[in-house]
Structure formats: structure tokens, C-alpha cells
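Dear colleague,

I am passing on the structure we spoke about, and below it you will find my notes on what turned up when I went through it. Please read them alongside the coordinates.

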Amino acid sequence: MQTLHALGWTSFFSQQVTDSERAAWTPARVIWEGREQYRISGGDEDWRASLAGRLRHTAASRTDLPAVGDWVLAAVRAAEGTATIHRVLTRQSCFSRAAAGRSTEVQIVAANIDTVLIVTSCNLDCNPRRIERYLALAWESGARPVVVLNKADLDEGDRDHYYADIAPVLQGVPVTLTSAVRGDGLAELRELVGASGTTALLGSSGVGKSTLVNALVGDSRQDVLPIRDSDDRGRHSTTARQLFCLPGGGVLIDTPGMRELQLWDAEGGLEQTFADVESLATACRFRNCSHGAEPGCAVVAAAERGELEAARLDSYLKLRREDAFLQSRHDERAQSERTRLARQGAKAARQFYKLRRR
Ligand SMILES: Nc1nc2c(ncn2[C@@H]2O[C@H](COP(=O)(O)OP(=O)(O)OP(=O)(O)O)[C@@H](O)[C@H]2O)c(=O)[nH]1
Ligand SMILES: [Mg+2]
Ligand SMILES: [Zn+2]
């Protein structure tokens, strides 16, 4: 059990397991995820795992299937080194986004995380608008966000400039300046990661997530690739999400760089990310003020006085619209799923009665 605890096992998960489940199955954590293929760890050992047919068929959506960081119950065949996953335990937190290119499907990026490191670097990747997007989803996930500004070894003048750029979006979220190659800030980061259960590293390709993981794990576990000189973009070196235990305690999840980060039901997360705007909005004349052309809008007034950056206000309005649009799409989808199930049920009932009449 000791080793299971080192992987992040807590009473939140153990209390979900019934006695009969405990007798038949082994608790394990998903440490790698491929296409319907997993690697799960029981602490001392890990196994190649696939899904039980029943789990796959009863899953109403992708969110019911395991993701990296999930705790599962599995039937283990130790001699073969394989296992079958029968149940995914209820998550304590999870970072999700709309699946790339499909606004009606959710993708779980990491499950059961305590801290999200939003990694950016002291070059063209550093973009306050993108950080707001990550922050909204991080707050929504139930984990605590920390911004990491990596590659502090690059030009120091640039570094201060990027630091100043992101300061207005932080709203109290801690920021750590690191250099994975020179070592700046790594002791601080190691301490933070060691004290916070499970930590996921998220951010664009090329910002240095895997280099940070290697530095913290103290080993070249993850491949890294140089970025392109022309635009500071990475080359998508990491292709799968993966979980690592740190020698000094703490668990890390490395993720592939994300090209786009579409929101997924982030209303609460947006409120926290834009706490400054939300607080100004309490003084708007109308309760449902859209902070556009209404009279008596305290938010627009603050922007006009220069107390709120115009770019930040634009970003807030844009993200709110995006979230509302996505939520209406999800509602539509949920509605059509209910209709489909109702039709299926009606058809089954008709068949049942037809059989009985015979
Ligand atoms: N100068 C400098 N370069 C760094 C630093 N950290 C990472 N790099 C370099 O940046 C490049 C990309 O690093 P990776 O660790 O592969 O980036 P990543 O975020 O994992 O990228 P993906 O896996 O594609 O998402 C490599 O050439 C690293 O050596 C740093 O602190 N300073
Ligand atoms: Mg990587
Ligand atoms: Zn207003």
C-alpha cells in the first residue's frame, strides 16, 4: 500500500471500492495512454492494459473511459504482464478541453491532478491571451494553477518584458521563473511538485515541459526536440500523455504540446480567471449587463479610464461568447442523445409487446 500512496492513492479513492471489488480486482493508476491501450501501475509493478468490453460498451461518452492519472480497478494477469480495466473510480479533478477540431467532444487531458503547471517560455510563445485560456480550464479542473515561465536563460531583457506582459493576467496565481537547462528555479519547482500530490505540465509544444520533467526526475526519460528558429514553435516531440513518480515524492504528468485549446464548460473557471472583471461588473447598472453598449456599464468605464486593459476586456468577452456557444452545442448534443435513447427504448418496448402478443 505504501507504494500505492506514493502514486497518489488516498482515502478519496479507497472508500469507493467495495469489498467484493477489492477481492476480485487490483487498484492501479493509468500512467500511459495510447489508442484504447493503457499502461497502469499498481505501485511496484506495471501492466499493459485494455478495457473490459462491458466498460467500453456502457460508456456514455469519452469521459467515462480512463485517462492518464485515473485510478482504475483491474483484473491483473501478473505472469503475462497484462490487465483488464473494469472500473474507473470517480475523479477528484480533471483537466478537459474540447477535442482538437471537434467542439462537441470532450478530451480529458489529465485526471486527478492537484496542480496544473501552465508552462510558457521567454520567447514568442509567451502570450497573455493564451494563458487566460489555460487558466480558465485549470480553475475549472478543480486543480490549482501555477504559471511557469521557462527558458529564463534566454535574453534577460526579453525575460523582463515577457514577465511584465503576463503579470496582469495572473490575479494572484503564482508564477515561477525557471530554466530547465541552466537550473534556475528548479529547486523551488521540485519543492512545489513534491508537496502537491499530482502535477500536470501543460502548454504549447517546445516550451520545455519534457526538459523540465527530465530535470525533476533526474533522468532523460522524455525525448526533447529543438524548436524552430523562425517562429519559436516546437516540433511536437512528446506524443502521449505519461505519468512519472519523482524520487523525492510527488507525481508528474507530461503532456504533448497543445495546438489549440478550446474551452469546455468553463463558466466557473472564467469567473475565477477574470475575477477583476467580475468584481467590476457588480457595479454595472444592469444585472445581466453584457459590458457592450449598455448605459451604466462599470466594466467599460474602467477600461476607458485605463484601469482595465482593453485587450483583457476583449479577451474576457470573447471567451465568454465561446463558452456560451460551446455550451449550447453540448446541450443540443445531450438533447439529441436523449432523443436517440428514448427512441431506442420505445423501439425495444414495441418489440417486447409484439413478442408478447404472439
Ligand atoms: N534555452 C533553453 N532551452 C530550453 C529550456 N527548456 C527546454 N529547452 C529547449 O527547448 C526545446 C523543446 O523542449 P521540450 O522539452 O521538447 O519541449 P516540450 O514542451 O516538451 O515540447 P512538446 O513535447 O513538443 O510539447 C529543446 O530543444 C530544449 O532543449 C530552457 O530552460 N532554456
Ligand atoms: Mg515534450
Ligand atoms: Zn457592464
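**Salt bridges**

Glu33 has a relative accessible area of 9%, which places it among the buried residues, the limit for that class being under 20%. Please keep in mind throughout that this is a predicted model. The partner of Glu33 in a salt bridge is Arg62, and the closest N and O atoms of the two are 2.9 Å apart. Since Glu33 belongs to strand β1 (residues 26-33) while Arg62 sits in the loop between α4 (53-58) and β4 (71-77), the pair ties together parts that are 29 residues apart in sequence. Arg62, for its part, is partly exposed, with a relative accessible area of 31%.

In total, the structure holds 17 salt bridges. Another of them joins Arg129 to Glu132, again with 2.9 Å between the closest N and O atoms; these two residues lie 3 apart in helix α5 (residues 128-141), and so are separated by about one helical turn. Their surroundings are worth setting side by side, for Arg129 is partly exposed at a relative accessible area of 25%, whereas Glu132 is buried, with a relative accessibility of 0%. Arg129 and Glu132 also belong to a network of salt bridges in which they are linked with Asp276 and Arg312.

A further salt bridge runs between Asp184 and Arg182, where the closest N and O atoms are 2.7 Å apart. Here Asp184 counts as partly exposed, at 22% relative accessibility, and Arg182 is likewise partly exposed, with a relative accessible area of 47%.

**The metal sites**

The zinc ion (ligand 3) has as its protein donors Cys284 (SG), Cys289 (SG), His291 (ND1) and Cys297 (SG), which lie 2.1 to 2.4 Å from the ion. The angles among these 4 donor atoms run from 106 to 115°, and the site is tetrahedral. For reference, the ideal angle for four tetrahedral donors at a metal is 109.5 degrees. Along the chain, the donors of the zinc ion follow the spacing C-x4-C-x1-H-x5-C. As to their burial, Cys284 has a relative accessible area of 9% and is buried, and Cys289, at 6% relative accessibility, is buried as well.

For the magnesium ion (ligand 2), the protein donors are Ser210 (OG) and Thr238 (OG1), at 2.0 to 2.1 Å from the ion. These two donors link distant parts of the chain, with Ser210 in helix α8 (residues 209-217) and Thr238 in the loop between α8 and β12 (242-245), 28 residues apart. Ser210 and Thr238 are both buried.

**Ligand 1**

Thr238 appears again around ligand 1, where 23 residues are found and where Asp153, Ser205, Thr211, Thr238 and Gly257 come nearest. In the case of Thr211, an N or O atom of its side chain lies 2.5 Å from an oxygen atom of ligand 1. The backbone also takes part in such contacts: a backbone N or O atom of Leu225 is 3.4 Å from an oxygen atom of ligand 1, and a polar backbone atom of His236 is 3.3 Å from an oxygen atom of the ligand. Of the 660 Å² that ligand 1 exposes when taken alone, the protein buries 88%.

With best regards

Technical notes:
Residues are numbered from 1 along each chain as its sequence is written. Chains are lettered from A and ligands numbered from 1 in the order in which they are written. This is a predicted model: local features need pLDDT of at least 70, side-chain atom pairs count only at pLDDT 80 or more; totals for chains, interfaces and linings use all residues. Side-chain values use heavy atoms; hydrogens and water are left out. Donors are N, O and S atoms within 2.8 Å of the metal (3.2 Å for Na, K and Ca); water is not among the atoms, so sites may look incomplete. Four donors count as tetrahedral if all angles lie between 85 and 135 degrees; four count as square planar and six as octahedral if opposite donors are over 155 degrees apart and all others between 65 and 115; anything else is irregular. Buried means under 20% relative accessible area, exposed over 50%, partly exposed in between (1.4 Å probe, protein chains only). A salt bridge is a side-chain nitrogen of Lys or Arg within 4 Å of a carboxyl oxygen of Asp or Glu. Helices (H or I, at least four residues) and strands (E, at least two) are DSSP runs, numbered from the N terminus. A residue is near a molecule or strand if one of its heavy atoms lies within 4 Å of it. A polar contact is a pair of N or O atoms within 3.5 Å; within protein, one must be able to donate a hydrogen and the other to accept it, and residues adjacent in sequence count only if both atoms are side-chain atoms. Accessible areas come from the Shrake-Rupley method with a 1.4 Å probe; for residues, only the protein chains shown count as cover.
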